[in-house]
Amino acid sequence: MGKTETHASPRKLNDQDYSLRPMSEEDLQKIMVNERLAYPYPWTEQIFLDCLSAHYSCWVAEKQNQMLGHAVLTVAAGESHILNVCVNPATQGSGLGRLLVVHLLEVAKARKANTVFLEVRPSNKVAYNLYLSLGFNEVGHRKNYYPAESGKEDALIMALVL
Ligand SMILES: CC(C)(COP(=O)(O)OP(=O)(O)OC[C@H]1O[C@@H](n2cnc3c(N)ncnc32)[C@H](O)[C@@H]1OP(=O)(O)O)[C@@H](O)C(=O)NCCC(=O)NCCS
């Protein structure tokens, strides 16, 4: 992607700009605001509730009381899946997405996962570039996986060996 054309390079966040903590049900209202702003086809609140009750690894990043982003990971039998990474559009491009994914990779490693998988839309160049820059490789694709304006869009499957 022509990063120089689109990447506005806003100030990068540092450790003092945000805090990361496990998600709770009380966060869902704020999470849903960001989820709906960031995704054309957002998760429902019920999906987050299911992730929480299944004890998936669910995280939020916030600044004082402001919800900046969230991320969800599963780990089972040596395999980990990144299910959601979302940054409020006003904060995008300041490094938080990278920090969230790096945090998920640390969690996966601590829980003895060997490989981390994720699905991404081929049209989502920002996310694709982020994963590529962290060492993920394309390992396959799922046909007609995502809803899209013109019907369905395939998913690229990416994997990182830890
Ligand atoms: C994808 C997403 C999580 C990335 O988070 P972010 O905070 O915007 O990204 P970062 O600032 O951490 O940037 C990470 C990398 O993404 C790429 N990137 C970020 N913004 C970009 C832009 N405008 N154009 C091109 N590449 C961009 C760069 O490779 C960047 O790395 P670098 O700045 O160190 O060179 C965020 O944009 C988002 O929430 N998007 C909507 C939801 C979504 O698509 N989630 C992923 C589903 S698979």
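The paragraphs below lead through a predicted model, beginning with its sheet and moving on to the core, the ligand shell and a few single residues.

The sheet is a good place to start, since many of the later details refer back to its strands. Seven strands make up an open sheet of mixed pairing, and their order across it is E1-E2-E3-E4-E5-E7-E6. Strand E1, residues 19-22, and strand E6, residues 137-148, are found at the edges, where each has a single partner strand, so one side of each is left without a neighbour in the sheet. On average, and with direction ignored, neighbouring strands of this sheet are turned by 25 degrees against each other. As background, strands of a sheet pair through backbone hydrogen bonds, and they do so either in the parallel or in the antiparallel sense.

Two of the pairings can be followed residue by residue. Strand E5, residues 115-120, pairs with strand E7, residues 151-161, in the antiparallel sense over six bridges; in this pairing threonine 115 has valine 161 of E7 as its bridge partner, while valine 120 is matched with leucine 156 of E7. On E7 there is also the pairing with E6, which is antiparallel and extends over eight bridges, and the two strands are joined by a hairpin through two residues.

Arginine 142 offers a closer view of that edge. This residue lies in strand E6, and its bridge partner in E7 is alanine 155. When neighbours within four places in sequence are left aside, arginine 142 is in contact with Glu119, Asp154, Ala155 and Ile157. Is arginine 142 buried or exposed? It counts as exposed, because its C-beta neighbours inside 10 Å number 11, and the cut-off for that class is 12 or fewer. Glutamine 66 is 76 residues away from arginine 142 in sequence, and the C-alpha atoms of the two are 35 Å apart in space.

Against the sheet lies helix H4, which crosses E1, strand E2 (57-63), strand E3 (66-76), E4 and E5, and runs at about 30 degrees to E3. The largest nonpolar core has 31 residues, of which Ala71, Leu96, Leu100, Leu104 and Val116 touch the most other members. At least two residues of this core are supplied by each of E2, E3, E4, H4, E5 and E7, and the most, seven residues, come from H4. Leucine 104, with its neighbours within four places in sequence left aside, is in contact with Ala71, Leu73 and Ile82. In soluble globular proteins, nonpolar side chains tend to be buried together.

The ligand has 23 residues around it, and those that come nearest are Gln92, Gly97, Arg98, Asn129 and Leu130. Helix H1 (3-6), strand E4 (79-87), helix H4 (96-110) and helix H5 (125-133) are the elements that give two or more residues to this shell, with the largest share, five residues, coming from H5. By character, the shell divides into 11 nonpolar, 10 polar and two charged residues.

Finally, two loop residues deserve a look at their backbone angles. Alanine 77, in the loop between E3 and E4, has a phi near 50 degrees, which is a positive value in a residue other than glycine, and it is exposed, with 8 other C-beta atoms within 10 Å. Lysine 112, in the loop between H4 and E5, likewise has a positive phi, near 65 degrees, in a residue other than glycine, and this lysine 112 is exposed, with 11 other C-beta atoms within 10 Å.

Terms used:
Residues numbered from 1 in each chain as written. Predicted model: local features only at pLDDT ≥ 70, side-chain atom pairs only at ≥ 80, totals over all residues. Near = placed C-beta within 6 Å. Helix = DSSP H or I, 4+ residues; strand = E, 2+ residues; numbered from the N terminus. Nonpolar A, V, L, I, M, F, W, Y, C, P; charged D, E, K, R; others polar. Pairing = 2+ DSSP bridges. Axes fitted to C-alpha atoms, helices over the stretch in contact; angles between N-to-C directions. Contact = placed C-beta atoms within 7 Å. Core = buried A, V, L, I, M, F, W, Y, C linked by C-beta atoms within 7 Å. Buried ≥ 20, exposed ≤ 12 C-beta atoms within 10 Å, placed from the backbone.
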